[in-house]
Amino acid sequence: MVTRRHDGRKISGRVDVVLTGNRPTNPVIDGWRFVGIDGAASELNGPHRMGRCKRVPLVSSAWTDAYNDPAVLRHLVRTANSRGQYFRVYHADSGTWQKLYDAGVHYIDSGLHPAALRAFLKDKQQVRPPSPCIP
């Protein structure tokens with residue numbers, strides 16, 4: 001049921017698990033890995049390491065006023081997309097959702113208002129997924 005990797009080979013499942021917050025940086029036991037880890041948006045400014053998207057499929061950032069500049073937000077989303085990673089913004093209040101959607105943010109996290117976010121996204125098209133992860 002859970003997507004996993006064994007000795008670098010992907011075995012697809014119906015559920016992909018990604019750990020966020022205070023997490024291990026290399027969750028591999030005896031050649032098996034059952035989870036991906038969440039990266040920080042600041043990592044998008046560094047050099048690209050091929051295949052990192054297999055271990056870090058998601059890059060997250062808390063909402064910041066810098067994201068009021070659509071160019072900043074689009075740059076981060078495009079960079080994540082080009083590296084095969086999804087981009088997530090958390091602590092996003094309802095006044096920011098349209099900006100995030102317009103920039104192509106893959107995941108908008110609004111834990112305090114899930115019903116309102118669901119209603120906001122109800123008739124919207126899904127944003128374009130990132131490029132395939134290249135090992």
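1. Gly39 of strand 5 has Val59 as its bridge partner in strand 6. The two strands, strand 5 and strand 6 (residues 58–62), run parallel and are paired over three bridges. Pairing here requires that DSSP finds at least two bridges between two strands. The model is predicted, so that local features need pLDDT of at least 70 and side-chain atom pairs count only at pLDDT 80 or more, whereas totals for chains, interfaces and linings use all residues. Residues are numbered from 1 along each chain as its sequence is written, and side-chain values use heavy atoms, with hydrogens and water left out.

2. Both of these strands are mostly covered. In strand 5 (residues 36–40), four of the five residues are buried, and in strand 6 four of the five residues are buried as well. Buried means under 20% relative accessible area, exposed means over 50%, and partly exposed lies in between, with a 1.4 Å probe and protein chains only.

3. Strand 5 and strand 6 belong to an open sheet of five strands with the order 3-5-6-7-8 and parallel pairing. Its edge strands are strand 3 and strand 8 (107–108), each of which pairs on one side only. Strands of a sheet pair through backbone hydrogen bonds, in either the parallel or the antiparallel sense.

4. The remaining pairings of this sheet can be followed strand by strand. Strand 3 (residues 18–19) pairs with strand 5 in the parallel sense over two bridges, and Val18 has Gly36 of strand 5 as its bridge partner. Strand 6 and strand 7 run parallel and are joined by five bridges; Ser60 has Arg88 of strand 7 as its bridge partner. Strand 7 pairs with strand 8 in the parallel sense over two bridges, and Val89 stands opposite Ile108 of strand 8.

5. A second arrangement is an open sheet of three strands, with the order 2-1-4 and antiparallel pairing. Strand 2 (9–11) and strand 4 (32–33) are at the edges with a single partner strand each, so one side of each has no neighbour in the sheet. Strand 1 (residues 4–6) pairs with strand 4 in the antiparallel sense over two bridges, and Arg5 stands opposite Arg33 of strand 4.

6. Asn26 is placed in the loop between strand 3 and strand 4. With a relative accessibility of 51%, Asn26 counts as exposed. Asn26 and Gly36 are ten residues apart along the chain, and their C-alpha atoms are separated by 9.0 Å.

7. Asn81 lies in helix 2 (residues 70–82). Its relative accessible area is 5%, and Asn81 is therefore buried. Leaving aside residues up to four places away in sequence, Asn81 touches His106, Arg128, Pro129, Pro130 and Ser131. Contact means heavy atoms within 4.5 Å.

8. His91 merits a check of its backbone. The residue lies in the loop between strand 7 (86–90) and helix 3 (97–103), and its phi is near 60 degrees, a positive value in a residue other than glycine. Most residues other than glycine have a negative phi. His91 counts as exposed, at 62% relative accessibility.

9. The secondary structure of the chain comprises four helices and eight strands, which run β-β-β-β-β-α-β-α-β-α-β-α from the N terminus on. Helices (H or I, at least four residues) and strands (E, at least two) are DSSP runs, numbered from the N terminus.

10. As to overall dimensions, the chain has a radius of gyration of 15 Å, in agreement with the value near 14 Å for a compact globule with 135 residues. The radius is taken over C-alpha atoms, and the globule rule is 2.2 Å times the number of residues to the power 0.38. Along the principal axes, the C-alpha atoms fill a box of roughly 45 × 35 × 30 Å. Of the 135 residues, 36% count as buried. Among contacts between residues at least 6 apart in sequence, 48% join residues at least 24 apart.

11. The chain exposes about 8,500 Å², of which carbon and sulfur atoms supply 53%. Accessible areas come from the Shrake-Rupley method with a 1.4 Å probe; for residues, only the protein chains shown count as cover. There are 20 positive and 11 negative side chains, and the centres of the two sets lie 7 Å apart. Lys and Arg count as positive and Asp and Glu as negative, while His and the chain ends are not counted. Each charge is placed at NZ of Lys, CZ of Arg, CG of Asp or CD of Glu.
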